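Reader: I am new to this structure and should be grateful for a close look at a single part of it. Please explain how one pair of helices meets, and then place that pair beside other parts of the chain.

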Amino acid sequence: MSENKVIDESIQGEALMIEKPEKANGKKLFLESYGCAMNFSDSEIVASILKDEGYTTTNDFFEADVIFVNTCAIREGAEQRVRQRLTEYKKAKKGNPELIVGVLGCMAERLKSKFLEEEKLVDIVVGPDAYRDLPNLIASAEDGNKAVNVLLSKEETYADITPVRLGGNGVNAFISITRGCDNMCAFCVVPFTRGRERSRDPETIVKEAQDLFNDGYREVTLLGQNVDSYLWTGGGLKKENLSTDEIKNATTFSQLLEKVALVNPELRVRFSTSHPKDMTDDVLYTIAKYENICSYIHLPVQSGNTRVLEMMNRGYTREWYLNRIDAIRRIIPDCSISMDIITGFCSETEEEHQDTLSLMEAVKYDFGYMFAYSERPKTLAERKYKDDVPAEVKSRRLSEIVALQLEHSAMRTKRGVGKVHKVLVEGVSKKSKEQLFGRNTQSTVVVFPKENFKPGDYVNVLAESCTGATLIGKAI
Ligand code: 5AD
Ligand code: SF4
């Protein structure tokens, strides 16, 4: 996890390492992941499949027999970064013509076989629902054939695959609970790259959480594009096809949260992402009931103006959103809240931008992830609306929003000074080897002297001072 919370791009690349497989096949894999937490979680599925095939990993792509890059398509910038990275792999391919380069994930799904035409270097293109096919696709590429599998599935949840935990700290791990998204927000490419929404069997989720706890992990984050629409009905059926009785017997998100919280009181539970149109009071009461479900909700708003929200097809108004915020404050008084905001969506006026700023003033978010609108192919907005806010206006609005968020984050952090925080230690602080860092339940980073503490410990820390986004203190 990053120590820095206020960002305007979430994309980063990271070489991911797996432990030695039982039966090594002598081949080396370089696996890199860009984009959201779901992509990192998917890379852990990919690593598991390839570990079973006998691959070891390397963090030097010049040494690799196979390079896989798990890609993001959410904004144009994310795709540009991947293309840039591909040109770097070219150097490795020059030295080793046998090298296989595969593109995985959302950009692969979006471009499909077009990728092979556009980037001669690429041998394999695999969408997010086709990772089980990777061994076949590699074999085919080894025979000199280009290989593509971008089939999306209505059922695939990889529920039976135990992810190989990559590049982690042994303290926190992601668990996917749903895949895909049925929401069709007008700006968003995800429904096209990740397909229809499906929920994963709760028993497999609870077992994964229990196994992680037994292995020493102390925090899990349940992942889905819209966790509130999680619904397990036994056969993965959709809500609209169920009788009232079947819905009564189904497992909802709040019930799932409770099951995971009950794995062990020492296991912290986080989740992302909540959707304002679907987040129920039930979920909030469950969070309030269990100390180990963290008091932190990521509730993307996207815009503070109802007309823009309607164009975005978000399914709520400004008032509805603010009502959800009131419900959070009422039911979980100590809860921190973060958002995603897009500036300069099609036809957004200056007044409507002011509405976003005034909504931020009303909520005073703890953290925020803010982006300039980037038109994506095939989306409703691309087909129906003009991307007519000039780039410089988008970026000026973005900097106003980022500046306001920095103020609010600093104010929220400051409120934590003088208080005692229960911190789950995640690792050694980037700035000093003598300091540890971790997070409190609100997800604020807390730094304090190491003494004899280690990652995975819970430590009560008295915060004595702060920077914009970090509390600084000492164990008591
Ligand atoms: N342009 C800019 N930001 C986008 N997001 C999704 N699609 C786009 C887009 N086309 C942002 C939203 C979403 C977050 C994951 O990325 O704010 O919540
Ligand atoms: Fe995209 Fe909207 Fe689904 Fe989030 S809820 S993944 S923004 S379509």
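Author: In this predicted model, helix α10, residues 281–289, and helix α12, residues 318–331, have axes that come within 10 Å and cross at roughly 25°. Angles under 35 degrees count as roughly parallel, and α10 and α12 are therefore roughly parallel to each other. Their crossing is right-handed. On the side of α10, the contact is formed by Asp 281, Leu 284, Tyr 285 and Ala 288; α12 contributes Arg 324, Ala 327, Ile 328, Arg 330 and Ile 331. Sorted by character, the residues of this contact comprise six nonpolar and three charged, with no polar ones. An α-helix has 3.6 residues a turn, so residues three or four places apart point the same way.

Helix α10 also takes part in the surroundings of helix α9, which spans residues 253–261. The buried residues of α9 are Phe 253, Ser 254, Leu 256, Leu 257, Val 260 and Ala 261. Viewed down the axis of α9, these buried residues fall within an arc of 160°, so they line one face of the helix. They pack against α10 and also against α7 (202–214), β11 (219–223), β13 (251–252) and β14 (268–272).

A further pair of helices may be set beside α10 and α12. The axes of α13, residues 350–363, and α15, residues 391–415, come within 10 Å and cross at roughly 10°. That angle makes α13 roughly parallel to α15. From α13, the contact involves Glu 350, His 353, Thr 356, Leu 357, Met 360, Glu 361 and Val 363. From α15, it involves Val 393, Arg 396, Arg 397, Glu 400, Ile 401, Leu 404, Gln 405, His 408 and Arg 412. The residues of this contact divide into six nonpolar, four polar and six charged.

A single residue in a strand completes the account. Ile 124 lies in strand β6, which covers residues 124–126. Ile 124 is buried, its relative accessible area being 0%. Leaving aside residues up to four places away in sequence, Ile 124 touches Phe 68, Ile 100, Val 101, Gly 102, Val 103, Leu 137, Ile 138, Ala 141 and Ala 147. Lys 433 stands 309 residues from Ile 124 along the chain, and the C-alpha atoms of these two residues are separated by 42 Å.

Definitions and conventions:
Residues numbered from 1 in each chain as written. Chains lettered and ligands numbered in written order. Predicted model: local features only at pLDDT ≥ 70, side-chain atom pairs only at ≥ 80, totals over all residues. Heavy atoms only, no water. Axes fitted to C-alpha atoms, helices over the stretch in contact; angles between N-to-C directions. Helix = DSSP H or I, 4+ residues; strand = E, 2+ residues; numbered from the N terminus. Parallel < 35°, antiparallel > 145°, perpendicular 65-115°, else oblique. Left-handed = near helix turned anticlockwise from the far one by under 90°. Contact = heavy atoms within 4.5 Å. Nonpolar A, V, L, I, M, F, W, Y, C, P; charged D, E, K, R; others polar. Buried < 20%, exposed > 50% of the residue type's maximum accessible area, 1.4 Å probe, protein only. Arc of directions from axis to C-beta.
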